[in-house]
Amino acid sequence: MEVKSLQKQFYQLYGREDPYPVELYFAPGRICLIGEHIDYNGGWVMPAAISRGIYAGFRKEDNEIVWMRSNMDGRDIVCSLATEITFDETRGWGNYPLGVLNELKNKGIAVSGAELMFQSNLPVGSGLSSSACVKVLTAYMFSKQAGYNIDLTELAQLAQASENNFIGVQCGIMDQFAIAHGKANNAILLNCNTLEHVYVPLRLGDYRIVVLNTNKSRRLSESKYNERLAECQTALNLLKPKTGIKHLVQADPRDIDKYIKDPILRKRAHHVSSEQQRVQEAAAALRNLNVEDFGDLLFKSHQSLKEDYQVSGHELDTMVAGAQQHPGCIGAKMSGAGFGGCAFALVKKDAIESFSAYIEQYYHRHTGIKGTAFEVEIADGVRKLD
Ligand code: GLA
């Protein structure tokens, strides 16, 4: 459905007459199943790509001009590849693909002009990684068009580099990696230090994944994200000389209590250490087809993100607390950076309708905000559509 309307809109905007064909692409959003705020602490995370994401129509042009439009905001973004591409606040979402073009140029990849149209069915700024999605998608399309056979890990690294260098957010690699390497019905168990990864089949039996959008924008997330990153760095610097660890995920809980006196830093380090443990337990639970244990670890992860890492907030906590009270739900947690955005729940498939109606009502009663619940499937990563 999206594909047809995208093609139609593409022709309406750019016209049909052109020597080059319109190519259609898709990149998924992602949820972080477990391993939250672990990627920049050098540990194992478990994200998965989802069935919602961003579609793009792409047509090569024989010039150096890139035209882009997106349903995420109606404005046109136009840039010349012949001049330097710089960050410009007024270009809004356009800075994401522009940052990628800049990164591709810096790598010496011969990108040429193009006409593009993006159409997203991911709620924007909701913690499902719409920004990483548009970046991975842009890098994929332009490198293909340039005849550069980009490896999926290199693709993720390039998209992350553009976020770090062009946008200025020091995010880890989890989101970009999941969007590039996603595999239907599988979680990705990824070591963010070595980029070693394995797929873990997500056999959830009678349970399904329901995303819970708080519809609360994540205004604090960038500043608080960088603050948590700095706290983890300080905690690591305190432990390093005493214990010889290289990454905070390696910290032993007894050493944390012994060597970190500041109660806030201690809590942060305990989240990182316990969350890392939960990732291993979650992988084992999935391998043993123990869905209930897996669900229970999600609740525990959320608790740790709320109490020790303090990145959830009233809206996400309300979603998870409401979900926990429903008999059809066996696990729920926030997903992504936090401070708003989305949570997700594991819900028995024949209870999804009643669960969704219940949680929307519960959430509205406790926050005054209209939240939304929708089921997602676990999907493949970025790809060209036939
Ligand atoms: C954001 C970042 C990721 C990761 C998560 C928290 O989504 O982009 O790199 O740190 O937050 O797990």
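In this predicted model, the sulfur of Cys 329 lies 15 Å from the closest cysteine sulfur, which belongs to Cys 342, and this is too far for a bond, because a disulfide requires a pair of cysteine sulfur atoms within 2.5 Å. By this rule the count comes to 0 disulfides. Cys 79 is likewise in no disulfide, and the cysteine sulfur nearest to that of Cys 79, in Cys 133, is 20 Å away. The table sets out the two cysteines with their distances and their burial.

| Cysteine | Nearest cysteine sulfur | Distance | Relative accessible area |
|---|---|---|---|
| Cys 79 | Cys 133 | 20 Å | 7%, buried |
| Cys 329 | Cys 342 | 15 Å | 7%, buried |

Turning to the fold as a whole, the protein contains 11 helices and 12 strands, and its C-alpha atoms fill a box of roughly 65 × 55 × 40 Å when this is taken along the principal axes. For 386 residues, a compact globule would have a radius of gyration near 21 Å, and the value for the protein, 21 Å, agrees with this.

The packing can be described from the inside and from the surface. Of the 386 residues, 57% are buried, and among contacts with a separation of 6 or more, 72% are between residues that stand 24 or more positions apart. On the outside, the protein exposes about 16,000 Å², of which carbon and sulfur atoms supply 47%. As for charge, the protein has 42 positive and 45 negative charges, and the mean positions of these two groups are 3 Å apart.

Technical notes
Residues numbered from 1 in each chain as written. Predicted model: local features only at pLDDT ≥ 70, side-chain atom pairs only at ≥ 80, totals over all residues. Heavy atoms only, no water. Buried < 20%, exposed > 50% of the residue type's maximum accessible area, 1.4 Å probe, protein only. Helix = DSSP H or I, 4+ residues; strand = E, 2+ residues; numbered from the N terminus. Rg over C-alpha atoms; globule rule 2.2 N^0.38 Å. Contact = heavy atoms within 4.5 Å. Areas by Shrake-Rupley, 256 points an atom, 1.4 Å probe, with all protein chains shown as cover. Lys, Arg positive; Asp, Glu negative; His and termini not counted. Charge placed at Lys NZ, Arg CZ, Asp CG, Glu CD.
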